[in-house]
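Welcome! Please take a moment to look over the sequence and the 3D view below before reading on.

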Amino acid sequence: MSRSDRFLKACRMEETDCTPVWLMRQAGRFMAVYRQLRERYTLLEMFKTPEIAAAVTLQPITAFELDAAIIFADILLPLEGMGIRLEFAEKDGPRIHNPVRTDADVAALRMCDPEECLGYVLQAIRLVRSEIDGKIPLIGFAGAPFTLASYAIEGAARNFIRTKEMMYENPGTWHQLMDKLARTVTAFLLAQARAGAQVLQLFDSWVGCLGPADYGEFVLPHCRKIFLALKDAGIPSIHFGTATADLLPLMREAGGDIIGVDWRTHLDDAWRRIGPDRGVQGNLDPVTLMAPESLLPRRVREILDRAGRRPGHVFNLGHGVLPPTPEDSVRILIDLVHEFPSRVISD
Ligand code: CP3
């Protein structure tokens, strides 16, 4: 089985020769080649130049035996097209200069046509596909409405107080904001699929700050619309969040062929809560890649044992790969995952 089959088959919950593996944030600072290129450009220049974004997407694919590529972009980019002034400050991460706080702020947000506002991402996808077609599948992605709303509302701080304030005090405004974000995200994801992305991941990275009741009322209906549109278009999808142990059944209800699970839950417990008819992605703690050598094989094996070689497991970290991660640890991790079936047999 080639690298091209494994990941797509797992997304369809079909048997594979071994578990497919890719890493969130695999295109980025843990790689020396990325850091070298990054010295010459700002982050926005890199995202907005399709040739550079395509080259960065391919860096980890060239260096490691990964089973999928993910396009180099950022979840916050669609906010720009909606009228939000976005900056990636060199030290502090993303900052928003005109946070969305009032009914009028929400009303002023424009709907962003992906071809017009995000054409550079679509072009990068076309370039990557022409390089790797038939070799390895390409993942497109977008931020989920809640996670995007939390950035749009908070600006830089991330204690979610203002986000929840809008949710509780102005539910009408909140739902209007979520609806605008969900429609923008849906159009962007479908455009990525048309440009050549074969699987789409929705990042709801911060949704774990909500309890199940708030998730069900304020988030689920919006995510469900996105996943229904992807299902109608026939594109496999991954629904990712962190700190979501108690939200997993609701995330399943919202949609996604594969549900992302972080390291705070045992994989088999999570899978039980999600249900056997969906796949799971995860769930190694990213810090394990920096721990003493003997830990990594134990933790990888534990996850694979808990997955029990059931079809529909995509191996990944529970969140993005951290910048100080040694490249060799990533190499070792990928080998461990791929060699697992033969190891079990030879034990
Ligand atoms: O996974 C990949 O390799 C594809 C590229 C990718 C980036 N951002 C590039 C990036 C993806 C999938 C993202 C998603 C993203 N961006 C999320 C959701 C996933 C997650 O990690 O929770 C979020 C919350 C963001 C917002 C964001 N972008 C933050 C908070 C930061 C600063 C903190 C950080 O990690 O640096 C960014 C910047 C960013 N986006 C970088 C990269 C490679 C850092 C680049 C650099 O400084 O050189």
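What follows is a short tour of the ligand, the pockets and two points of backbone geometry.

This is a predicted model, in which local features need pLDDT of at least 70 and side-chain atom pairs count only at pLDDT 80 or more, while totals for chains, interfaces and linings use all residues. Residues are numbered from 1 along each chain as its sequence is written, and side-chain values use heavy atoms, with hydrogens and water left out.

**The ligand**

Let us start with the ligand, which is surrounded by 24 residues (each with a heavy atom within 4 Å of it). The closest are R25, R29, R38, D74 and H319. By class, this shell holds 16 nonpolar, 4 polar and 4 charged residues; here Ala, Val, Leu, Ile, Met, Phe, Trp, Tyr, Cys and Pro count as nonpolar, Asp, Glu, Lys and Arg as charged, and the others, Gly among them, as polar.

Three polar contacts (pairs of N or O atoms within 3.5 Å) are listed here:

| Protein partner | Ligand atom | Distance |
|---|---|---|
| R29, polar side-chain atom | oxygen | 2.5 Å |
| Q26, polar backbone atom | oxygen | 3.1 Å |
| D74, side-chain N or O atom | nitrogen | 2.6 Å |

Taken alone, the ligand exposes 860 Å², and the protein buries 89% of that (areas by the Shrake-Rupley method with a 1.4 Å probe). Helices α2 (32–38) and α3 (43–48) and strand β3 (93–96) each give two or more residues to the shell; helices (H or I, at least four residues) and strands (E, at least two) are DSSP runs, numbered from the N terminus.

**The pockets**

Where does the ligand sit? Its place is in the largest pocket, meaning that more than half of its atoms lie within 2 Å of the pocket's grid points. A pocket is an open set of points on a 1 Å grid over the protein atoms alone, where a 1.4 Å probe fits, with protein on both sides within 12 Å along at least five of seven lines; lining residues have an atom within 4 Å of a point.

The largest pocket has a volume of about 1,200 Å³, the space filled by probe spheres set on the points. Of its 39 lining residues, R25, R29, D74, P94 and Y151 lie nearest the centre. The lining divides into 24 nonpolar, 7 polar and 8 charged residues.

The second largest pocket offers about 220 Å³. It has 17 lining residues, with F227, K231, G255, G256 and D257 closest to the centre. Helix α12 (212–233) and helix α13 (248–254) each supply at least two of the lining residues, and α12 gives the largest share, 5 residues.

**Backbone geometry**

Most residues other than glycine have a negative phi, and most peptide bonds are trans. R25, in the loop between α1 (3–11) and α2, has a positive phi, near 65°. The peptide bond from G282 to N283 is cis, with omega near -10°, and N283 is found in strand β8 (residues 279–284).

Conventions. A polar contact is a pair of N or O atoms within 3.5 Å; within protein, one must be able to donate a hydrogen and the other to accept it, and residues adjacent in sequence count only if both atoms are side-chain atoms.
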